[in-house]
Amino acid sequence: MRSEETTADVWLPIPADEIDDLPGPGESGLNYRFWDGGPEFPADPARCAFYVVPYMKGPEIAVRPLAAMTSVRIVQTLSAGIDHVTPGIDALPPGVALCNAKGVHEASTAELTLALILASLRGIPGFVRGQDAEEWRAGFYPALADKSVLIVGYGSIGAAIEDRLAPFECARVVRVARSARTTARGPVHPLAELPALLPQADVVVLSTPLTPETRHLADAGFLARMKDGALLVNVARGPVVDTAALLKEVETGRITAALDVTDPEPLPAGHPLWHAPGVLVSPHVGGSTSAFMPRAKRLIAGQLRRFAAGEEPVNVLLTTT
Ligand SMILES: NC(=O)c1ccc[n+]([C@@H]2O[C@H](COP(=O)([O-])OP(=O)(O)OC[C@H]3O[C@@H](n4cnc5c(N)ncnc54)[C@H](O)[C@@H]3O)[C@@H](O)[C@H]2O)c1
Ligand SMILES: O=C(O)[C@H](O)COP(=O)(O)O
């Protein structure tokens, strides 16, 4: 990477001096430019070869500089989901690798999934309200033990959720992904089998990416197939659930829900989901923990070392044509 022709700009949303083990600008020919998603981005986007998309920003920010990045080779997100970047990929030249943050979010998102399942089943939100009101609200609540859990979107996060379910003595963990495969734990069922599997699950976890195929995957028909008393957990993306259909279903008290992601997001004041019966909402914090920054920095440093050495990046989800 040393010659003049290969000297290239890297746009980082984290200052270069805060990331250990980055290839030094002298040795690599890489020229680090800081952009945190603010209104001013570095001059000369046409020189950018490696763009690290600022974290937790919507498409309007993530995508804004893409059209001007005529020599970009790698677009790296710090999120697992790339739905906020895909609206901009048509503007990219061919051969650009779009890489996600596989390895960064699994542990944190799986932890939150367990927290939401346990809190919802065991009635923790009601205890917090009781404590606020100084009321002793004793009762009987469902356990996770002996329950059947269905994970829809069994990828990196789905597998991390299954890892964390292991000590809870569930009756079954059932896995669904786009297509069938076998894992050391057992089969992953194809999406076509979902309608038959839904009525058997006590807890249904959504951990798919948001794609045209998964938008409103949990629609009225999906929700109607869920067992009476079942819990729906969404840690995927808000629009994977049809919010209007979910509101109708929870109003009847037939099912409950725990949502780390909502549609719309952020959920505005006055939205009916805030006070819907049996619905626990967390503000899209699945990946937002102390584990994020060290893991994100390690990913960036590794990708840039590979880039400077002329090696292929990891976590490539697609290459533009
Ligand atoms: N709540 C959060 O803070 C948070 C954090 C990280 C990721 N996420 C979301 O979780 C998603 C999954 O992340 P991952 O790292 O596990 O991705 P992944 O690519 O490893 O796994 C996704 C799985 O979903 C399956 N899938 C895709 N389309 C499907 C469909 N139509 N029906 C059923 N399954 C389908 C795939 O086959 C794959 O097994 C991300 O795309 C992101 O949207 C949310
Ligand atoms: O997909 C993820 O990793 C998290 O949900 C954060 O995604 P975002 O940065 O696209 O909001």
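**Exercise 1.** Which strands does helix H9 (residues 292-308) lie across, and at about what angle does the helix run to S3?

*Solution.* Keep in mind that this is a predicted model. Start at residues 292-308 and look for the strands in contact with this helix. Helix H9 lies across S1, S2, strand S3 (48-52), strand S4 (74-76) and strand S5 (97-99). Then compare directions: H9 runs at about 160° to S3.

**Exercise 2.** Work out the strand order of the open sheet of six strands, and explain what happens at its edges.

*Solution.* Step one is the order, S2-S1-S3-S4-S5-S14, and the pairing is mixed. Step two is the edges: strand S2 (30-34) and strand S14 (316-319) each have a single partner strand, so one side of each has no neighbour in the sheet. Step three is the twist, where neighbouring strands are turned by 20° against each other on average, direction ignored. Finally, zoom in on one pair: S1 (residues 8-12) and S2 run parallel and are joined by five bridges. Here Leu-12 stands opposite Phe-34 in S2.

**Exercise 3.** Describe the second largest pocket, from its volume to the make-up of its lining.

*Solution.* Begin with the space, which is about 440 Å³. Next, find the lining: 28 residues form it, and those closest to the pocket centre are Ser-120, Leu-121, Thr-256, Gly-278 and Val-279. Now assign elements: helix H3 (106-122), helix H4 (124-132), strand S12 (256-259) and strand S13 (279-281) each give two or more residues to this lining. Last, sort by class, which yields 14 nonpolar, eight polar and six charged residues.

Key
Residues numbered from 1 in each chain as written. Chains lettered and ligands numbered in written order. Predicted model: local features only at pLDDT ≥ 70, side-chain atom pairs only at ≥ 80, totals over all residues. Heavy atoms only, no water. 1 Å grid on protein atoms, 1.4 Å probe; cavity = no way out; pocket = protein on both sides within 12 Å on 5 of 7 lines; lining within 4 Å. Points joined across faces, edges and corners; volume = space filled by probe spheres on them. Helix = DSSP H or I, 4+ residues; strand = E, 2+ residues; numbered from the N terminus. Nonpolar A, V, L, I, M, F, W, Y, C, P; charged D, E, K, R; others polar. Pairing = 2+ DSSP bridges. Axes fitted to C-alpha atoms, helices over the stretch in contact; angles between N-to-C directions. Contact = heavy atoms within 4.5 Å.
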